[in-house]
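Reader: I'd like to go through this one with you, helix by helix and then charge by charge. Can you show me the model?

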Amino acid sequence: MTDIILEECIQKTLEGFQLNKSKFEKFAPLLSQFLDTKEEREIQCLHAIKRKIVELEHPSGCLQDILSCLYDNFALSRKGFLKWRDDNDAHEQEGKGKENKLIRAFNLTLTFSSFDVRCRP
């Protein structure tokens, strides 16, 4: 499901690829319902997002926009993101180092927040 949503919402522009934020936000409730705060589903969703970003050769700001939208729309929990960040699945390592650098601000926000203000696990 994540792959299909990304195909629909990431658009080619003159500068490269860009997330159509308003379109993506419309899919956030569907993803939230599907992920249902289940960490394994969140991790798989995040792996799918990372694979797409690697495939598109790391379009500027795209990953940050996707993660922020998912988190802001309650589709992604802090705990799920942190587990994905620390996941060492050998099949999912391509591009992970670069992605972690690209989302440093998002990562720091979640790492240092003492609680998830939205009361999500």
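Reader: Which residues in H2 meet Arg-41, Glu-42 and Cys-45 in H3?

Author: Bear in mind that this is a predicted model. On the H3 side of the contact you have Arg-41, Glu-42 and Cys-45. Their partners in H2 are Leu-31, Phe-34 and Leu-35.

Reader: And how do the residues of that contact divide into nonpolar, polar and charged?

Author: No polar residues turn up in the contact of H2 with H3. What's there is 2 charged and 4 nonpolar.

Reader: At what angle do H2 and H3 pack?

Author: H2 covers residues 21-35, and its axis runs 9 Å from that of H3. The pair counts as oblique, since roughly antiparallel would need an angle over 145 degrees. The packing angle is about 135°.

Reader: How far apart are the end C-alpha atoms of H3?

Author: H3 takes in residues 39-55, which makes 17 residues. At 1.5 Å a residue, the expected span is 24 Å. The model agrees with that, because the end C-alpha atoms are apart by 24 Å.

Reader: Is Lys-52 buried or exposed?

Author: Buried means under 20% relative accessible area. Lys-52 comes in at 9%, and it's listed in H3 along with residues including Ile-49 and Ile-53. So Lys-52 counts as buried.

Reader: Which residue forms a salt bridge with Lys-52, with the closest N and O atoms 2.3 Å apart?

Author: The partner lies in H1, residues 2-9, while Lys-52 lies in H3, so the bridge ties together parts 45 residues apart in sequence. Glu-55 joins these two in a network of salt bridges. The partner at 2.3 Å is Glu-7.

Reader: Which residue meets Asp-65 in a salt bridge?

Author: Asp-65 is in H4, and its partner sits in H2, 44 residues apart. Asp-65 is partly exposed at 24%, and the partner is also partly exposed, at 45%. The N to O distance is 3.7 Å, and the residue is Lys-21.

Reader: What about Lys-79: which residue does it form a salt bridge with?

Author: Lys-79 lies in H5, residues 78-86, and the bridge reaches H3, so it ties together parts 40 residues apart in sequence. Lys-79 is partly exposed, with a relative accessible area of 43%, and the partner is partly exposed with 23%. The closest N and O atoms are 3.5 Å apart, and the partner is Glu-39.

Reader: Which residue with a positive phi follows H4?

Author: H4 spans residues 62-72, with Leu-63 and Ile-66 among its buried residues. The residue that follows has a phi near 65°, and that's Phe-74.

Technical notes:
Residues are numbered from 1 along each chain as its sequence is written. This is a predicted model: local features need pLDDT of at least 70, side-chain atom pairs count only at pLDDT 80 or more; totals for chains, interfaces and linings use all residues. Side-chain values use heavy atoms; hydrogens and water are left out. Helices (H or I, at least four residues) and strands (E, at least two) are DSSP runs, numbered from the N terminus. The expected span of a helix is 1.5 Å times one less than its number of residues. Buried means under 20% relative accessible area, exposed over 50%, partly exposed in between (1.4 Å probe, protein chains only). Axes are lines fitted to C-alpha atoms, for helices over the stretch in contact, and angles run from 0 to 180 degrees between N-to-C directions. Angles under 35 degrees count as roughly parallel, over 145 as roughly antiparallel, 65 to 115 as roughly perpendicular and the rest as oblique. Contact means heavy atoms within 4.5 Å. Ala, Val, Leu, Ile, Met, Phe, Trp, Tyr, Cys and Pro count as nonpolar, Asp, Glu, Lys and Arg as charged, and the others, Gly among them, as polar. A salt bridge is a side-chain nitrogen of Lys or Arg within 4 Å of a carboxyl oxygen of Asp or Glu.
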